[in-house]
Amino acid sequence: MPEREVDTTGPDAPIETVGNHELIASNRVEGTAVYGHDHHKVGHVHNFMVNKRTGQVAHVIVSDSGLFGLGATRFLLLPWQDLTYEPDLGGYVSHISKDMMSEHGRISAEDAEMQIW
């Protein structure tokens, strides 16, 4: 059985990984912070879609949880490859911004998912 390790480098640490350091459990991805290119937090991973045939992650839904936890929560669908994990931040970095979340985000995760179809 692979040995478990705990990553304590990021602000949302600890993140536990098992075996290969390139793998992470899906429940550890959901809730992980998402930052814009300027490294300001824009939200977190709400969930992600996996291709049933290939097993590859195709899209991620980012949620902003409303402004300061108040107001309407917005959800934005992004291609998975738009996110890059940044260990120093303990989260993912993308090209999105708070303005993009406000302007293009949907009012429900289901609404954001429908953008795929």
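How many aromatic pairs does the count come to? It comes to 3. The points below take up the rings and then other parts of this predicted model.

1. **Aromatic residues.** One aromatic cluster is formed by Phe48, Trp80, Tyr85 and Tyr92. Take Tyr85 and Tyr92 from that cluster. Their ring centres are 5.3 Å apart, and their planes stand at 70°. Planes over 60 degrees apart count as edge-to-face, so this pair is edge-to-face. The two tyrosines can also be read by accessibility. Tyr85 has a relative accessible area of 31%, so Tyr85 is partly exposed. Tyr92 has a relative accessibility of 8%, so Tyr92 counts as buried.

2. **Overall layout.** The chain contains 3 helices and 8 strands. Their order along the sequence is β-β-α-β-β-β-β-β-β-α-α. The chain has 117 residues, and 33% of them count as buried. Now the contacts between residues at least 6 apart in sequence: 39% of these join residues at least 24 apart.

3. **Strands S5 and S6.** S5 covers residues 57-63 and S6 covers 75-79. The two strands pair in the antiparallel sense, over 5 bridges. One residue to look up is His59, whose bridge partner in S6 is Pro79. S6 is mostly covered, with 4 of its 5 residues buried.

4. **Arg74.** This arginine sits in the loop between S5 and S6. Does Arg74 count as buried or exposed? Arg74 is buried, yet it has no salt bridge. Asp64 is the nearest side chain of opposite charge, at 5.9 Å. A salt bridge needs a side-chain nitrogen within 4 Å of a carboxyl oxygen. What the side chain of Arg74 does reach is the backbone oxygen of Gly105, at 2.3 Å. Setting aside neighbours within four places in sequence, Arg74 is in contact with Val62, Ser63 and Asp64. The contacts of Arg74 also include Met101, Ser102, Gly105, Arg106 and Ile107.

5. **Thr73.** Thr73 is also placed in the loop between S5 and S6. Its relative accessible area is 26%, so Thr73 is partly exposed. Arg74, by contrast, is buried. Thr73 and Ser63 are 10 residues apart along the chain, with their C-alpha atoms separated by 6.8 Å. Ser63 is also among the contacts of Arg74.

6. **Thr32.** Where does Thr32 lie? Thr32 lies in the loop between helix H1 (26-29) and strand S3 (33-35). Its relative accessibility is 7%, so Thr32 counts as buried. The side chain of Thr32 reaches two backbone oxygens of residues in H1. One belongs to Arg28, at 2.8 Å. The other belongs to Val29, which lies 2.9 Å from a polar atom of the Thr32 side chain.

7. **Contacts of Thr32.** Not counting residues up to four places away in sequence, Thr32 touches Gly43, His44 and Val45. Thr32 also touches Gly90, Gly91 and Tyr92. Tyr92 is a member of the aromatic cluster in point 1. Gly43 is 11 residues from Thr32 along the chain, and their C-alpha atoms are separated by 8.6 Å.

Key
Residues numbered from 1 in each chain as written. Predicted model: local features only at pLDDT ≥ 70, side-chain atom pairs only at ≥ 80, totals over all residues. Heavy atoms only, no water. Buried < 20%, exposed > 50% of the residue type's maximum accessible area, 1.4 Å probe, protein only. Lys, Arg positive; Asp, Glu negative; His and termini not counted. Polar contact = N/O pair within 3.5 Å; in protein donor to acceptor, adjacent residues only side chain to side chain. Contact = heavy atoms within 4.5 Å. Pairing = 2+ DSSP bridges. Phe/Tyr/Trp six-rings, centres within 6.5 Å; stacked < 30°, edge-to-face > 60°.
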